[in-house]
Amino acid sequence: MKLAMTKAFSKQFNRIKRRGGEADVVFRQVCGAIALWERGQECLLPTTNHGENRLKHVIKYDLRGAYRLVTTEHVNVRMLLWVGSHDETDAWLKTNKGCDLVVMDNGEIEFIPV
């Protein structure tokens, strides 16, 4: 399975990398998951207890300290959509609620309202 990242994910992932403390553990958790996925293996990150229904087909993982990782899988591509604290993730999901993913001509992934 291929791996793709949205711009929002990349920017937020870099912010988390710079935060230090508990965010440093989260950064390493996500790096580990990415490394496993790139080798075609599954990661052992637990998914959230209640799933996610604001965006179709997303998988939300529980990370250390109430951080979350949001991904989706489609046509043999795993897309990394967002990573952040519980509140950051909640705000991001509210912003994109009801949207669909579209891969633009330049290869970037965008959310459009349905």
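Student: What share of the area that the chain exposes do carbon and sulfur atoms supply?
Tutor: The model is predicted. In it, the chain exposes about 6900 Å². The part supplied by carbon and sulfur atoms is 50%.

Student: How many of the 114 residues in the chain, as a percentage, are buried?
Tutor: A residue counts as buried when its relative accessible area is under 20%. By that cut-off, the buried share of the 114 residues is 37%.

Student: In what order do the elements of the chain run from the N terminus?
Tutor: There are three helices and six strands to place. Read from the N terminus, their order is β-α-α-β-β-β-α-β-β.

Student: Why is the chain said to be as compact as a globular protein of its length?
Tutor: The globule rule gives 13 Å for 114 residues. The chain is as compact as a globular protein of that length because its radius of gyration is close to that value, at 13 Å.

Student: Which element gives the most residues to the largest nonpolar core?
Tutor: This core has 18 residues, and Phe 9, Leu 63, Leu 69 and Val 83 touch the most other members. Two or more residues come from each of helix 1 (7–19), helix 2 (22–38), strand 3 (67–74) and strand 4 (77–85). With seven residues, the element that gives the most is helix 2.

Student: How many residues are in the other core, the one with Leu 55 and Ile 109?
Tutor: This core lies apart from the largest one. Val 58 and Val 70 are also among its members, and its residues number 10.

Technical notes: Residues are numbered from 1 along each chain as its sequence is written. This is a predicted model: local features need pLDDT of at least 70, side-chain atom pairs count only at pLDDT 80 or more; totals for chains, interfaces and linings use all residues. Side-chain values use heavy atoms; hydrogens and water are left out. Helices (H or I, at least four residues) and strands (E, at least two) are DSSP runs, numbered from the N terminus. The radius of gyration is taken over C-alpha atoms; the globule rule is 2.2 Å times the number of residues to the power 0.38. Buried means under 20% relative accessible area, exposed over 50%, partly exposed in between (1.4 Å probe, protein chains only). Accessible areas come from the Shrake-Rupley method with a 1.4 Å probe; for residues, only the protein chains shown count as cover. A nonpolar core is a set of buried Ala, Val, Leu, Ile, Met, Phe, Trp, Tyr and Cys residues joined through side-chain atoms within 4.5 Å.
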